[in-house]
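Here are a few exercises to work through with the structure open beside you. Try each task before you read its solution.

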Amino acid sequence: MPELGAASGAQAQHKYVLFDEVVAYLRMASASRPIVVVLDDMQWADTASWDLLEHVIASLERDRILIALTVRTEDAERSVVERMRRLSRDERYSEIPLRRLSEREVAVWLDHVFAHQDIDPAILPLLQRYSEGNPFLTTQILRTLLDDKL
């Protein structure tokens, strides 16, 4: 009796049929123009998603498809790090590590956002404390503050 969650031979075969259908779809979609596939927050992706990604990448060698992943490495489990290491063995792999914004960088950004106007000095430490330098969160927190007129 197979373990719970383990694919039987027939189920595994169906999985690869589905994977091949995804590859065929991507090839069809990229036939007339290049495409970009963005997979966000892959640190939370399940095993099946990583299996599919590895299959797609192995199957698409000369196709006009860019696959971009976002992964927060500080939240990634060992299995995700191992998957990324396997992907990095491919010569087409390229990684662009993005660091968090420093308090000085957030201050410069705020200065540009507010067109060099004076702002409440409490905004910068508040943004830095709650966003931890994450550019997306910094923007969202500031938007919320402005929308709520705080």
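**Exercise 1. Place valine 36 and describe its surroundings on the surface.**

Start with the secondary structure: valine 36 belongs to strand S1, which covers residues 35-39. Keep in mind that this is a predicted model. Next, look at the accessibility. The relative accessible area of valine 36 is 55%, and the cut-off for exposed is over 50%, so valine 36 counts as exposed. Finally, look for its partners: Val36 joins Val38 and Leu66 in a nonpolar surface patch, and together they have about 290 Å² of accessible area.

**Exercise 2. Find out which parts of the chain the salt bridge between arginine 83 and aspartate 51 links, and whether its residues are buried or exposed.**

The structure holds eleven salt bridges; let's pick out this one. The side chains of arginine 83 and aspartate 51 meet at 2.8 Å, N to O. Arginine 83 sits in helix H3 (residues 78-88) and aspartate 51 in helix H2 (residues 47-59), so this pair links distant parts of the chain, 32 residues apart. As for accessibility, both arginine 83 and aspartate 51 are buried. For arginine 83 the value is 11%, and buried means under 20%.

**Exercise 3. Trace the salt bridges of glutamate 54, then name the network that contains this residue.**

Step one is the contact with arginine 83: the closest N and O atoms of glutamate 54 and arginine 83 are 3.2 Å apart. Because glutamate 54 lies in helix H2 and arginine 83 in helix H3, the pair ties together parts 29 residues apart in sequence.

Step two is the contact with arginine 86, where the closest N and O atoms are 2.9 Å apart. Arginine 86 is in helix H3 and glutamate 54 in helix H2, so this pair ties together parts 32 residues apart in sequence. Arginine 86 is partly exposed, at 34% relative accessible area.

Step three puts the pieces together: Lys15, Asp51, Glu54, Arg83 and Arg86 are linked in a network of salt bridges.

**Exercise 4. Describe how helices H4 and H6 pack.**

Two packed helices are described by the angle between their axes and the distance between the axes. For helix H4 (residues 103-113) and helix H6 (residues 135-147), the angle is about 45 degrees and the axes are 12 Å apart. That angle makes H4 oblique to H6. To complete the description, add the handedness: the crossing of H4 and H6 is right-handed.

Conventions: Residues are numbered from 1 along each chain as its sequence is written. This is a predicted model: local features need pLDDT of at least 70, side-chain atom pairs count only at pLDDT 80 or more; totals for chains, interfaces and linings use all residues. Side-chain values use heavy atoms; hydrogens and water are left out. Patches are made of residues with over 30% relative accessible area and no salt bridge: like charges are joined within 9 Å, nonpolar side chains (Val, Leu, Ile, Met, Phe, Trp, Tyr) within 5 Å. Accessible areas come from the Shrake-Rupley method with a 1.4 Å probe; for residues, only the protein chains shown count as cover. A salt bridge is a side-chain nitrogen of Lys or Arg within 4 Å of a carboxyl oxygen of Asp or Glu. Helices (H or I, at least four residues) and strands (E, at least two) are DSSP runs, numbered from the N terminus. Buried means under 20% relative accessible area, exposed over 50%, partly exposed in between (1.4 Å probe, protein chains only). Axes are lines fitted to C-alpha atoms, for helices over the stretch in contact, and angles run from 0 to 180 degrees between N-to-C directions. Angles under 35 degrees count as roughly parallel, over 145 as roughly antiparallel, 65 to 115 as roughly perpendicular and the rest as oblique. A crossing is left-handed if the near helix is turned anticlockwise from the far one by less than a right angle, and right-handed if clockwise.
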